[in-house]
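Welcome, and get your viewer ready. This short tour is about cysteines: you will select a few, one stop after another, and look at what surrounds them.

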Amino acid sequence: KYRILRPIEYIIKSWKTFKILYSARPDLVWVQVAPTFLLYLAIMYRLLLNKNARIVADCHNCMYRNPWIKMPFSVKMLNSCNIVLVHNENMVQVATDKGVRNNKIVVLETRPAQLDCKLFSEQTVSYKRPWIIFPCSFDSDEPIEVVMEAARKMPEISFVVTGDIDRAHGRYNINDIPVNVKFTGFLKNEEFNKLLCLSDAVLGLTTRENTHLSVASEAVGASKPLILSNTELLKNMYYTGAVYVESTNVDSIVDGCRKALSNKDILINQVLHLKEARNKKWLNQAQFVATLLSS
């Protein structure tokens with residue numbers, strides 16, 4: 001919650017993690033990075049406690065950005081792992097450009113969320129329809145203020161913004177919010193899944209070219225029409241069932257939201273086919289990773 005205290009949190013959690021490794025002595029250690037400190041722990045564990053341990057580094061895109069890639073020995077540690085996972089084809093080049101050996105890198109894309117929206121079919125929400133859910137982490141690549149201006153031009157549409165609102169302070173001006181926008185704050189999984197399943201469409205935006213939006217996989221899992229940034233990555237991964245918009249262009253977002261809602265039934269049918277295709281692709285990639293780890 002308080003960024004200034006985060007280093008202390010890392011130290012405490014690093015110690016707890018090492019105690020788990022010490023007592024469990026696993027032969028396979030799978031770490032999600034960043035933060036880079038998990039790599040230090042995994043390598044230390046292999047050096048001190050289990051020389052035969054295999055390490056998989058499951059790399060979020062931010063691992064290849066500052067400050068994490070600049071941490072001491074980050075690239076060397078990645079190259080000492082058995083497998084370095086990236087989450088889309090574009091990140092292969094990014095990783096190799098940073099010095100990660102190509103023979104270490106394996107692509108494992110995000111699987112569509114495994115959701116059963118029938119569980120929420122009889123539930124209701126208080127938002128005026130049609131309404132669009134806009135899940136946020138309030139990171140620097142999310143054009144929150146642009147969406148607020150776009151929503152102001154669409155009073156007939158309700159926008160539900162999820163995520164920890166405290167993360168927006170100091171980064172975004174959210175004091176002047178249109179009346180058709182509601183901030184939910186951080187939601188537990190069940191409540192978030194309910195809103196996702198009951199929404200009319202899902203909005204996911206980023207200003208970073210190589211970012212794969214997790215909300216896109218969640219929307220596909222819920223069989224919802226997508227309104228996405230028009231990056232080459234997202235257009236390639238979500239090639240149907242979506243309307244693409246310019247992330248920093250108010251009018252483009254307005255047109256995209258209205259188009260998605262007016263073509264809702266067509267887009268839902270397309271998303272159903274996309275879900276099947278992405279599930280098959282993920283399964284093939286996951287089986288390939290499993291084969292590498294068993295050899």
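Start by selecting C136, which is buried, with a relative accessibility of 11%. Keep in mind as you look around that this is a predicted model. C136 takes part in no disulfide. Its nearest cysteine sulfur belongs to C257 and lies 12 Å away.

Next, select C62. Is this residue buried or exposed? C62 counts as buried, at 18% relative accessibility. Now add C59 to your selection, because the closest cysteine sulfur to that of C62 is found there. The two sulfurs are 9.2 Å apart, too far for a bond; a disulfide needs sulfur atoms within 2.5 Å.

So how many disulfides does a search of the whole structure find? The search finds one. To see it, select C117 and C197, whose sulfur atoms sit 2.1 Å apart and form the disulfide.

Zoom out a little and follow the chain away from each partner. This pair links distant parts of the chain, 80 residues apart. C117 is in the loop between strand 4 (105-107) and strand 5 (131-135), while C197 belongs to helix 6 (residues 189-198).

Now turn the view to look along the S-S bond. The torsion about this bond of C117 and C197 is about -70 degrees, so the disulfide is left-handed.

For the last stop, show the surface and check both partners. C117 is partly exposed, with a relative accessible area of 22%. C197, at 8% relative accessibility, counts as buried.

Key. Residues numbered from 1 in each chain as written. Predicted model: local features only at pLDDT ≥ 70, side-chain atom pairs only at ≥ 80, totals over all residues. Heavy atoms only, no water. Helix = DSSP H or I, 4+ residues; strand = E, 2+ residues; numbered from the N terminus. Buried < 20%, exposed > 50% of the residue type's maximum accessible area, 1.4 Å probe, protein only.
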